[in-house]
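Hi everyone, and thanks for coming. I'd like to walk you through one structure today, one piece at a time. Have a look at it first, and then we'll start with a single residue.

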Amino acid sequence: MQALPLKALSPDGLKRKIIVRLSRIWEAKNRDTGHVYELAFAAVDHEGTVMEGNVPVISMAQFKDVLKEGTIYTIQGFMVKPARRKYRTLDNDHRITITQYTKVEQAVPEPLGILLVAHSLQPLSVLEKRAHSVIVLSDVLGLVTDMTGLIPPKGQGQPRRNIKIKDIDGHQFTITLWGHQAENFDEESVRASSAQGSVAILFVSMTVDHYLAKLCFMATSLTCSYINIPIPEMSTLRARYRINVKARDIGYTEEDEEEIGCFTFFGKQGKILTGYDEELVIGTAEGRPNYLPPAIANVVGRKYLVTARVNQEIYAQDNIPFCVSTTELIGSPAPLLQAASNTNPPPEVPSPELIGSPAPLLQAASNTNPPPEVPSPSPAKEAPGPSEGNRDSVATPPTDAIETLDSDAEENTPSASEKKKRKGRTTASPSAKKQISKNLFPKK
């Protein structure tokens with residue numbers, strides 16, 4: 001019997017076979033009594049389609065020691081039922097049910113190309129609609145930008161921990177872990193990894209909420225977290241916020257065999273290297289495959305002292321890859337080089353300053369609001385007039401006032417016939433006439 005993809009399953013018949021990885025397995029319990037009523041699991045196939053499944057309590061003894069988390073199985077003779085109405089861990093309307101007649105065997109040899117983790121990442125527009133809803137739990141992926149220590153509970157509450165992440169589009173989210181999840185989160189390991197490179201975490205089965213008008217995620221009893229795992233979305237995310245550089249040993253001479261190393265600068269180290277946040281620098285090259293941003297081109301020829309790590313497995317490669325943990329400029333920089341494909345820096349990225357004195361962070365080009373230090377113009381009716389202490393100060397009249405003045409001036413403008421009648425008339429006062437007469441006809 002040929003195996004079917006998960007997306008081809010429907011609630012009819014039993015004679016079918018699938019090959020899936022069970023990435024998560026847990027006991028589902030009644031919230032009030034704590035009674036276990038089923039063994040649940042999250043499955044993913046070779047196409048990346050995900051589906052939740054369960055083993056009813058009547059068959060749990062038969063399969064509890066057979067099913068292992070992370071293992072790939074061939075499952076044959078199962079039922080397909082509608083998904084749960086609430087707290088779905090995966091975004092699928094169907095659910096696999098293993099019965100006492102189901103045949104489950106470990107796939108040997110293990111097929112390639114099946115994801116390690118069953119997850120369903122959604123765009124921001126979908127996540128916004130899930131706020132305050134528990135029908136489908138949500139997954140979120142991002143780079144860790146900050147995190148708190150364990151926050152003690154207030155009264156009879158639970159301890160918590162807040163983790164701030166940034167997704168591939170630059171959106172910032174706050175993740176809140178509660179209870180044992182907050183206590184068991186390996187903060188020290190994450191901080192140590194962040195010194196070596198960027199740390200990406202995938203959180204699954206979260207509820208979505210708003211706090212201070214911003215989207216945030218709250219952990220549930222089903223929430224799991226995965227740090228720097230080899231899945232395509234995480235690799236793309238980490239590549240989005242890193243800078244790769246090829247360099248050679250400073251002591252190299254023509255008599256020596258040239259050794260070239262490939263260095264990866266994540267997050268903070270990328271900013272030290274170029275003077276800017278890495279997403280701003282890399283973002284200018286999107287859609288321009290042969291373009292090298294000036295902020296990166298200016299690094300060519302400079303000398304740096306770096307601390308990096310490398311493992312034994314990749315040391316034998318021709319171009320040894322290193323992950324940089326510290327960066328320091330040696331001496332004065334070499335003359336700045338520009339990219340050959342475009343010698344003019346893009347308008348959104350000015351030429352970088354020297355390392356150690358980074359330029360202010362650039363605003364995103366899509367942000368059209370004025371910066372905080374330049375307030376928006378006040379309404380016309382609130383515009384102040386000339387101050388009493390400074391008679392030279394003049395308030396700019398509002399637009400409607402200018403239009404009114406223009407209208408009045410147009411009404412008071414004399415016509416051509418009036419101008420003809422007035423021609424030759426003097427507007428001088430009698431005293432002015434007398435003075436003019438004295439000037440023209442002085443007494444002798």
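Let's begin with Arg 88, which has a relative accessibility of 16% and therefore counts as buried, since the cut-off for buried is under 20%. Before I go on, please keep in mind that this is a predicted model.

Which residue does Arg 88 form a salt bridge with? The partner is Asp 93, and the closest N and O atoms of the two are 3.2 Å apart. Asp 93 has a relative accessible area of 52%, so Asp 93 is exposed, because exposed means over 50%. In this pair, then, a buried arginine meets an exposed aspartate.

Now to a network. Glu 38, Glu 52, Arg 84 and Arg 95 are joined into one network by salt bridges that share partners. Let me take two of the pairs in turn.

First up is Arg 84 with Glu 52. Their salt bridge has its closest N and O atoms 2.9 Å apart. Where do the two residues sit? Arg 84 is in the loop between strand 5, residues 79–82, and strand 6, while Glu 52 belongs to strand 3, residues 50–56, so this pair ties together parts that are 32 residues apart in sequence. Are they buried or exposed? Both Arg 84 and Glu 52 are buried.

Next comes Arg 95 with Glu 38. Here the side chains meet in a salt bridge at 2.4 Å, N to O. Arg 95 is part of strand 6, residues 94–97, and Glu 38 is part of strand 2, residues 36–44, so the parts tied together by this pair are 57 residues apart in sequence. Arg 95 counts as buried at 9% relative accessibility, and Glu 38 is buried too, with a relative accessible area of 6%. If you want the total for the structure, there are 10 salt bridges.

Some of these names are about to come back, because our next stop is a cavity. How many cavities of 30 Å³ or more does a search of the whole structure find? The search finds one. The volume of the largest cavity is about 40 Å³. Its lining is made of Glu 52, Ala 83, Arg 84, Arg 88, Thr 89, Leu 90, Asn 92, His 94 and Arg 95. Sorted by class, that lining has four charged residues, three polar ones and two nonpolar ones. So look for Arg 84 and Glu 52 there: they line the cavity, and they also pair up in a salt bridge.

From the cavity we move to a pocket. The second largest pocket holds about 700 Å³ of space. It is lined by 23 residues, and those closest to its centre are Arg 31, Tyr 87, Thr 220, Ser 221 and Leu 222. Which elements each supply at least two residues of this lining? They are strand 1 (17–29), helix 3 (179–184) and strand 12 (214–227). Strand 12 gives the largest share, with five residues. By class, the lining of the second largest pocket has 10 nonpolar residues, eight polar and five charged.

Now here's a residue I like to pause on: Asp 167, in the loop between strand 9 (160–166) and strand 10 (172–178). Asp 167 is buried but has no salt bridge, and the nearest side chain of opposite charge, that of Lys 166, is 8.6 Å away. What does the side chain of Asp 167 reach? One of its contacts is with the backbone nitrogen of Gly 170, at 3.0 Å. The side chain of Asp 167 also reaches the backbone nitrogen of His 171, at 2.7 Å.

Let me finish with some backbone details, each of them in a loop. Val 108 and Pro 109 are joined by a cis peptide bond, with omega at about -5 degrees. Pro 109 lies in the loop between strand 7 (103–106) and helix 2 (124–129).

His 132 has a positive phi, near 65 degrees, in a residue other than glycine. You'll find His 132 in the loop between helix 2 and strand 8 (138–147), and at 62% relative accessibility His 132 counts as exposed.

Leu 212 is not a glycine either, yet its phi is positive at about 55 degrees. Leu 212 sits in the loop between strand 11 (200–211) and strand 12, and counts as exposed at 68% relative accessibility.

That's my tour. Thanks for listening!

Definitions and conventions: Residues are numbered from 1 along each chain as its sequence is written. This is a predicted model: local features need pLDDT of at least 70, side-chain atom pairs count only at pLDDT 80 or more; totals for chains, interfaces and linings use all residues. Side-chain values use heavy atoms; hydrogens and water are left out. On a 1 Å grid over the protein atoms alone, a cavity is a set of points where a 1.4 Å probe fits but cannot get out, and a pocket is an open set with protein on both sides within 12 Å along at least five of seven lines; lining residues have an atom within 4 Å of a point. Grid points are joined across faces, edges and corners, and a volume is the space filled by probe spheres set on the points. Helices (H or I, at least four residues) and strands (E, at least two) are DSSP runs, numbered from the N terminus. Ala, Val, Leu, Ile, Met, Phe, Trp, Tyr, Cys and Pro count as nonpolar, Asp, Glu, Lys and Arg as charged, and the others, Gly among them, as polar. Buried means under 20% relative accessible area, exposed over 50%, partly exposed in between (1.4 Å probe, protein chains only). Lys and Arg count as positive and Asp and Glu as negative; His and the chain ends are not counted. A salt bridge is a side-chain nitrogen of Lys or Arg within 4 Å of a carboxyl oxygen of Asp or Glu. A polar contact is a pair of N or O atoms within 3.5 Å; within protein, one must be able to donate a hydrogen and the other to accept it, and residues adjacent in sequence count only if both atoms are side-chain atoms.
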